[in-house]
Amino acid sequence: MCTLEKTGTNIFILTLTGADEHRLNPTLIDSILSALRQAKSQATKGSVLITRSRGKFFSNGFDLAWAQAASSKPKAMELLKPVVAELISLPMPTIAAVNGHAAAAGLILALSHDYIHMKRDRGVLYMSEVDIGLPFPDYFTALFRAKVGSPSVLRDVLLRGAKVKGDEAVRRGIVEAAHDNEERLSEATMRLGEQLASRKWLGEIYKEIRKSLYPELCGVLGLDHLIIAKL
């Protein structure tokens, strides 16, 4: 499950609760969607979202026990698509504070944010599909192409199943920064959130500019890009 709270500086904090691996199943995904829609409904000028988790994992991907029981694994992998669509169309800047492993769909969740910060000393970014024999849904690959500019990074992460730690993730342009421990990670993401909130951007304009950057991804997600007249 997850919680949503709002600070006095107009920052929404979405927290994946508990000390488990935060594996994505219908219950957790519905909880995340509910929190994102709540933040969207309460958004004002200058709002920001930070997503974080408790415990040793950011998210270790889909709940494999649930996916095995689902009638179709490819169909099960589509379940996260509405969450990606909500984040790409959320009318505010978004930050992921990755405190541990972000694997497979967990990495997709992190990449759906505008900024990613992670811990240096624990956790990796890892797309496990090539190792476990699952194809990528179209929105997975569209998101990677939108967010990762280097063909060699795409090759290593998607075709080699590379496990990328903090400093390497910064060098490869996947994340913004790596921090020594959870306290510094939290401080850095809150500091960035406050800097972004202080700009007092109009959320609807921010959202449309973001969508205009990723036309292929928005097409796959079914998000229309609106041309907003200059005010």
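What is the strand order of the open sheet of six strands? Select those strands and read across: S1-S2-S3-S5-S7-S9, with mixed pairing. Strands (E, at least two residues) and helices (H or I, at least four) are DSSP runs, numbered from the N terminus, and two strands pair if DSSP finds at least two bridges between them.

Before going on, know that this is a predicted model, where local features need pLDDT of at least 70 and side-chain atom pairs count only at pLDDT 80 or more, while totals for chains, interfaces and linings use all residues. Residues are numbered from 1 along each chain as its sequence is written, and side-chain values use heavy atoms, leaving out hydrogens and water.

**Around the sheet**

Back at the sheet, pick out its edges: strand S1 (2-6) and strand S9 (177-179) each pair on one side only. Now zoom in on S1 and strand S2 (residues 11-16), which pair in the antiparallel sense over five bridges. Click Glu-5 and you'll find Ile-13 of S2 standing opposite.

Next, turn on helix H1 (residues 26-42), which lies across S1, S2 and strand S3 (48-53) and runs at about 15 degrees to S1. Axes here are lines fitted to C-alpha atoms, for helices over the stretch in contact, and angles run from 0 to 180 degrees between N-to-C directions. Add helix H10 (residues 182-197): this one packs on the sheet, touching S2, S3, strand S5 (94-98), strand S7 (115-119) and S9. Contact means heavy atoms within 4.5 Å. The direction of H10 makes about 165 degrees with that of S7.

**Aromatic rings**

Time for side chains. The whole structure holds four aromatic pairs, meaning Phe, Tyr or Trp rings (six-membered ring for Trp) with centres within 6.5 Å; planes under 30 degrees apart count as stacked, over 60 as edge-to-face and the rest as tilted. Select Phe-136 and Phe-140: their ring centres are 6.4 Å apart and the planes sit at 40 degrees, so this pair is tilted. Then add Tyr-139, which forms an edge-to-face pair with Phe-140, 5.0 Å centre to centre and 90 degrees between the planes. Ring pairs link Phe-136, Tyr-139 and Phe-140 into a cluster.

Buried or exposed: what are Tyr-139 and Phe-140? Both are buried, which means under 20% relative accessible area, with exposed over 50% and partly exposed in between (1.4 Å probe, protein chains only). Phe-136, at 25%, is partly exposed.

**Last stop**

Finish at Leu-213 in helix H11 (residues 203-213). Leu-213 is exposed, with a relative accessible area of 56%.
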